[in-house]
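Visitor: I would like a close look at one part of this protein, taken slowly. Please show me a sheet, then what packs on it and what ties its pieces together.

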Amino acid sequence: MHRKKLEDLAQWASSSPHKPLIIRGARQVGKSTLVSLFAEEQGFSLMVLNFERNPAYADFFVKNDPREIVNLLEINFNTDIIAGKTLLFLDEIQAEPQVLKTLRYFYEELPELHIIAAGSLLDFELNSPTYSIPVGRVSYLHLHPMGFLEFLLATGQDKLGHFVEGFQVDDEVSDSIHYLLSQQFKIYSAIGGMPEAVLTFAKTKSYKKCEAVKQDLLATFQNDFSKYTRHQDIALIRKVFTKVPTLIGNKIKYSNISSENRAVEVSRVITLLSDARVIKPVIKSSSNGVPLSAEANHKFYKLIFLDVGLVSSLLNLSVEALEADDLMRVNNGVIAEQWIGQALLLNQNSHQNPELHYWAREKKSSSAELDYVFAVGSQVVGVEVKAGKTGTLKSLHLFMKEKNHAIAVRFNSEKPSWSKQDKLLSLPLYLAEEFSRLSTAIIKNNQ
């Protein structure tokens, strides 16, 4: 299956010098498969060291001497490691975190060798106080579940995929194409973007088999709970894990998640699940300019889940239910808001730490809230997820008037449109991954 991140890997590999690359992402989003696809595409000889399966591999990295490490690996595996031709893949590296520290020496002393590291729960190590690779010695690439475009390509809908990729703001979308893309997106909402589920659907077209795969994935995530917390926290982690999909779009109140636990306990568990990349905080920002994080207020936040297909499973939404209704209205818009959050992550630079923000003004006389705000270049773009052709856009208009930004975006189920007078770009859910590209074009044309 084609992954768009292959393009980022190719750019990394061709740069000189190239730093060791660390791929960050949740379990089962396709990190190892991505590396294998990349090695095959670029003609690299791939050497894989999986530290979870073979902890003894860490013995090769005891000394911080890259050339000695390479020499030991060549002897052990009876092969040559050639810079420019060999790709060294350090998989499940979080199992032996001391190996991470050697990456800085590869950049300093052997930068011509291509090295990629990854791990299912790697972010726990990267966010820990004991982890300290100096800034500038490694690069990061953030991997998310497959988007709708990748889903189309994986399931043989190449023409629809190319239509989405090539769509321009002034293009007309026929009723038939709009209907077809909308129906395919409903299927994607049921299947989701976890690679194993997508591959199963591509091969079998069986929703039942895909659901079995997703249930196994959910069980795998829950089995991981014991790996990153004390035993007494597991029940609370499981409660938060299953509760988050019902709270998407709502500001988090700890008492709504668990009235039996203290706020600090619930907060700690949310941090753990966020570090595992199972959930993603959407932080409140004043949104006066970029970067949005400069005006972020971490006391107020919402949450989205890892994948829209997993959300559908946790909410017991069948594909029949998703196909029969307007996705903007399913579970009060939960599926739509979850997907837009995912799509905004896919719109971000792969090498930057992914962030999501929303805007809210809490005044008794004129409270307002936007589902998301997003930085497009130097511009802040307000984002609303609303049902119907018109919907109530009171908050969006208030935001535009107060902040005087160049453009706002509304996602709904209708065909795309651009109103220069209202500075409003309306996009259907299936074009969400093209959000940044289309917004950039409008901003440039109206400067």
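Guide: In this predicted model, eight strands form an open sheet with mixed pairing, in the order β7-β6-β8-β9-β10-β11-β13-β12. Its edge strands are β7, residues 296-305, and β12, residues 417-419, and each of these pairs on one side only. From one strand to the next, the twist averages 30°.

Take one pair of neighbours in that order. Strand β11 covers residues 408-412 and strand β13 covers residues 424-428; the two pair in the parallel sense, over five bridges. For an example at the level of residues, find Phe411, whose bridge partner in β13 is Leu427.

A helix packs on this sheet: α17, residues 394-403. It touches β8 (357-361), β9 (368-376), β10 (379-385), β11 and β13. The direction of α17 makes about 55° with that of β9.

Next come the charged side chains. Side chains of opposite charge can pair when their charged atoms come close. The structure as a whole holds 19 salt bridges, and some of them involve the strands and the helix just described. Glu402 and Arg361 meet through their side chains in one of these, at 2.5 Å from N to O. Because Glu402 lies in helix α17 and Arg361 in strand β8, this pair ties together parts that are 41 residues apart in sequence. Buried or exposed, how do the two partners count? Glu402 is partly exposed, at 38% relative accessibility, whereas Arg361 is buried, with a relative accessible area of 16%.

Glu402 has another partner as well: Lys403 forms a salt bridge with Glu402, and their closest N and O atoms are 3.6 Å apart. Lys403 counts as buried, at 14% relative accessibility.

Within the sheet there is also a salt bridge between Lys302 and Glu369, with the closest N and O atoms 3.6 Å apart. Lys302 sits in strand β7 and Glu369 in strand β9, so the pair links distant parts of the chain, 67 residues apart. Lys302 is buried, with a relative accessible area of 2%, while Glu369 counts as partly exposed at 31%.

To put the pieces together, start at edge strand β7, follow the salt bridge from Lys302 to Glu369 in strand β9, and then look at helix α17, which touches β9. From Glu402 in that helix, the other salt bridge leads to Arg361 in strand β8.

Key:
Residues are numbered from 1 along each chain as its sequence is written. This is a predicted model: local features need pLDDT of at least 70, side-chain atom pairs count only at pLDDT 80 or more; totals for chains, interfaces and linings use all residues. Side-chain values use heavy atoms; hydrogens and water are left out. Two strands pair if DSSP finds at least two bridges between them. Helices (H or I, at least four residues) and strands (E, at least two) are DSSP runs, numbered from the N terminus. Axes are lines fitted to C-alpha atoms, for helices over the stretch in contact, and angles run from 0 to 180 degrees between N-to-C directions. Contact means heavy atoms within 4.5 Å. A salt bridge is a side-chain nitrogen of Lys or Arg within 4 Å of a carboxyl oxygen of Asp or Glu. Buried means under 20% relative accessible area, exposed over 50%, partly exposed in between (1.4 Å probe, protein chains only).
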